[in-house]
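Here are some notes to read alongside the model. Keep the viewer open and find each part as you go.

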Amino acid sequence: MTETRLFVRDGLFAVAVPCGGGLTFLAVVWPRSVFAKVRQDIDGAYHRAAARVPWLADRLVGARQAERYVGTADLDAFFRTASGPGWALLGDSGHHKDPITAQGMTDALLDAELLARAILQGLGGTRSLDDALTDFCRQRDSRAGPMHELTAGFARLQSPPPEQLAGMAVAAGDPVATTRFLGVIAGSVPVEEVYGPPDADAMDPAA
Ligand SMILES: Cc1cc2nc3c(=O)[nH]c(=O)nc-3n(C[C@H](O)[C@H](O)[C@H](O)COP(=O)(O)OP(=O)(O)OC[C@H]3O[C@@H](n4cnc5c(N)ncnc54)[C@H](O)[C@@H]3O)c2cc1C
């Protein structure tokens, strides 16, 4: 395969990513509720899932499996308060989400950059460390919160409502709209620009 493709079906998400050397990474995501069932027959579940996506099924004909299957259901989602007096959480320790939007490494690095800046300010004497850490938490929330909520929505693996589905079908044939969607995933386009304002309660650690 030479192009990355994402597929959304009711109760199923799949992504095919070319890795070079003729190899393709193919991830299949099911709801956690079927984890035990999938585990009993991973190969069967994988091929049944691919059969629901003709583009994938066609390309699996004659393909050779290069690696063993790897999977997990240990994918809790939480959005914790990121700092307090003298302490801070960054990356997965502060906010963990389903990998469906592939944000975790970006988040960990961006959190690290924000936190490093706060610590430099706090220890460098330009402001108190507690103030700087409070600011880190606020900036982390506003940067990562909207994507966290969007990820939780995607991870439900439910078909989008018909009007959203119609919008996606139009977007799939429109290079500008496709680039904007991919920009959201890459972090270059704010989530709100494409999906509207976030639900404040969804990110409130106390909610
Ligand atoms: C199936 C799956 C697919 C994913 N796909 C993607 C993707 O495509 N793109 C993406 O960006 N992200 C993806 N992620 C998420 C990404 O891997 C994580 O979000 C990211 O690694 C988090 O980085 P981190 O530094 O916060 O934590 P970690 O990478 O977990 O690093 C924490 C480190 O701290 C160490 N540690 C823990 N406790 C202690 C201790 N007491 N003392 C010393 N060391 C300790 C751990 O051993 C670990 O090495 C995926 C995750 C999963 C599960």
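The points below go from the whole chain to single residues.

1. **The whole chain.** Please keep in mind that this is a predicted model. The chain holds nine helices and seven strands. Along the principal axes, its C-alpha atoms fill a box of roughly 65 × 35 × 35 Å. Of its 207 residues, 17% count as buried. Take the contacts with a separation of 6 or more: 49% of them are between residues 24 or more positions apart.

2. **Helix α4, its length.** A good place to begin is α4, residues 104-124. This helix has 21 residues, and from its first C-alpha to its last it reaches 29 Å. That is close to the 30 Å expected at 1.5 Å a residue. Just after the helix comes Gly-125, with a positive phi near 90°.

3. **Helix α4, its two sides.** Which residues of α4 are buried? They are Asp-107, Asp-111, Leu-114, Leu-115 and Ala-118. Looking down the axis of α4, you will find that its buried residues fall within an arc of 100°, so they line one face of the helix. On the other side, Met-105, Leu-109, Ala-112, Glu-113, Ala-116, Leu-120, Leu-123 and Gly-124 are exposed. And what covers the buried residues? The cover includes β6 (87-88), β7 (95-96) and α5 (129-155).

4. **The nonpolar cores.** Now try colouring the largest nonpolar core, which has ten residues: Ala-82, Ala-88, Leu-90, Leu-114, Leu-115, Ala-118, Ala-132, Leu-133, Phe-136 and Cys-137. Two elements, α4 and α5, give two or more residues to this core. Which of the elements gives the most? It is α5, with four residues. Another core, of eight residues, lies apart from this one, and among its members are Ala-16, Val-28, Val-29 and Ala-49.

5. **Ala-118 at close range.** Ala-118 is one of the buried residues of α4, and it also belongs to the largest nonpolar core. Leave aside its neighbours within four places in sequence, and Ala-118 is in contact with Ala-132, Leu-133, Asp-135 and Phe-136.

6. **Around the ligand.** Which residues are found around the ligand? They are Thr-72, Gly-91, Asp-92, Pro-99, Ala-102, Gln-103, Gly-104, Met-105, Thr-106 and Ala-108. This shell divides into four nonpolar residues, five polar and one charged.

7. **Two residues to check by their phi.** Ala-102, one of the residues around the ligand, lies in the loop between β7 and α4. Its phi is near 55°, a positive value in a residue other than glycine. Is Ala-102 buried, exposed or partly exposed? Ala-102 has 14 other C-beta atoms within 10 Å, so it counts as partly exposed. Leu-157 also deserves a look: its phi is positive, about 55°, although it is not a glycine. You can find Leu-157 in the loop between α5 and α6 (162-172). It has 18 C-beta neighbours inside 10 Å, so Leu-157 is partly exposed.

8. **Helix α7.** The twelve residues of α7, residues 175-186, should span 16 Å at 1.5 Å a residue. The end C-alpha atoms of α7 are 16 Å apart, which agrees. Gly-187 follows this helix, and its phi is positive, near 90°.

9. **Distances along the chain and in space.** Asp-41 sits in the loop between α1 (35-40) and α2 (42-51). It is exposed, because 11 other C-beta atoms lie within 10 Å and the limit for exposed is 12 or fewer. From Asp-41 to Arg-80 is 39 residues in sequence and 36 Å in space, C-alpha to C-alpha. Asp-141, in helix α5, is partly exposed, with 19 C-beta neighbours inside 10 Å. Between Asp-141 and Ala-171 there are 29 Å from C-alpha to C-alpha, and the two are 30 residues apart along the chain.

10. **Arg-52.** To finish, look for Arg-52 in the loop between α2 and α3 (54-60). With 15 other C-beta atoms within 10 Å, Arg-52 is partly exposed. Not counting residues up to four places away in sequence, Arg-52 touches Arg-9 and Leu-12. Arg-52 and Thr-178 are 126 residues apart along the chain, and their C-alpha atoms are separated by 23 Å.

How values were computed. Residues are numbered from 1 along each chain as its sequence is written. This is a predicted model: local features need pLDDT of at least 70, side-chain atom pairs count only at pLDDT 80 or more; totals for chains, interfaces and linings use all residues. The expected span of a helix is 1.5 Å times one less than its number of residues. A residue is buried if 20 or more other C-beta atoms lie within 10 Å of its own, exposed if 12 or fewer, and partly exposed in between; C-beta atoms are placed from the backbone. The arc is that of the directions from the helix axis to the C-beta atoms. Two residues are in contact if their C-beta atoms, placed from the backbone, lie within 7 Å. A residue is near a molecule or strand if its C-beta atom, placed from the backbone, lies within 6 Å of it. Ala, Val, Leu, Ile, Met, Phe, Trp, Tyr, Cys and Pro count as nonpolar, Asp, Glu, Lys and Arg as charged, and the others, Gly among them, as polar. A nonpolar core is a set of buried Ala, Val, Leu, Ile, Met, Phe, Trp, Tyr and Cys residues joined through C-beta atoms within 7 Å.
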